[in-house]
Amino acid sequence: QVQLVESGGGLVQPGGSLSLSCAASRSFGSIYSIGWYRQTPGKQRELVAEFTSGSATNYADSAKGRFTISKDNAKNTLYLQMNSLKPEDTAVYLCRAQIVYGSGFQYYWGQGTQVTVSS
């Protein structure tokens, strides 16, 4: 299993930037995929950006050109740089890791960090 701890959320004005971090309790080498999701009340969690197997990245259309996902393997930390933020980006941002076991795989979630974009 793995514990994920997000940080970096907060209140920012429209057009501003925030950088989120997700610290994992195990090496990224043992994690099949890891990424950022977000959730707003009454809606399903949606993908923001992720690293799939290896270092390939996948972005939601809403994040392309504004958000950048990165990771530091030495620190077992995932990042999300968010620029040109919009009010509709307001959500709880969660880190998700997928670990593959011999019998299948399992997803693990952090508790999330709140991002509020408002003037």
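**Figure 1. The surface of the predicted protein chain.** About 6300 Å² of the protein chain is exposed, and carbon and sulfur atoms supply 47% of that area. These accessible areas come from the Shrake-Rupley method with a 1.4 Å probe. This is a predicted model, in which local features need pLDDT of at least 70 and side-chain atom pairs count only at pLDDT 80 or more, while totals for chains, interfaces and linings use all residues. Residues are numbered from 1 along each chain as its sequence is written, and side-chain values use heavy atoms, with hydrogens and water left out.

**Figure 2. The strands of the protein chain.** Here you will find eleven strands and zero helices. Strands are DSSP runs of E with at least two residues, helices are runs of H or I with at least four, and both are numbered from the N terminus. The C-alpha atoms fill a box of roughly 50 × 30 × 25 Å along the principal axes.

**Figure 3. A closer look at E50 in strand β5.** Strand β5 covers residues 46–51, and E50 has its place there. E50 is buried (under 20% relative accessible area, 1.4 Å probe, protein chains only). Buried residues make up 39% of the 119 residues in the protein chain.

**Figure 4. The surroundings of E50.** Beyond its neighbours within four places in sequence, E50 has contacts (heavy atoms within 4.5 Å) that include I34, G35, Y37, A56 and R96. R96 is also the nearest side chain of opposite charge, 4.1 Å away, and E50 has no salt bridge. A salt bridge would need a side-chain nitrogen of Lys or Arg within 4 Å of a carboxyl oxygen of Asp or Glu. For charge, Lys and Arg count as positive and Asp and Glu as negative, with His and the chain ends not counted.

Notes:
Buried < 20%, exposed > 50% of the residue type's maximum accessible area, 1.4 Å probe, protein only.
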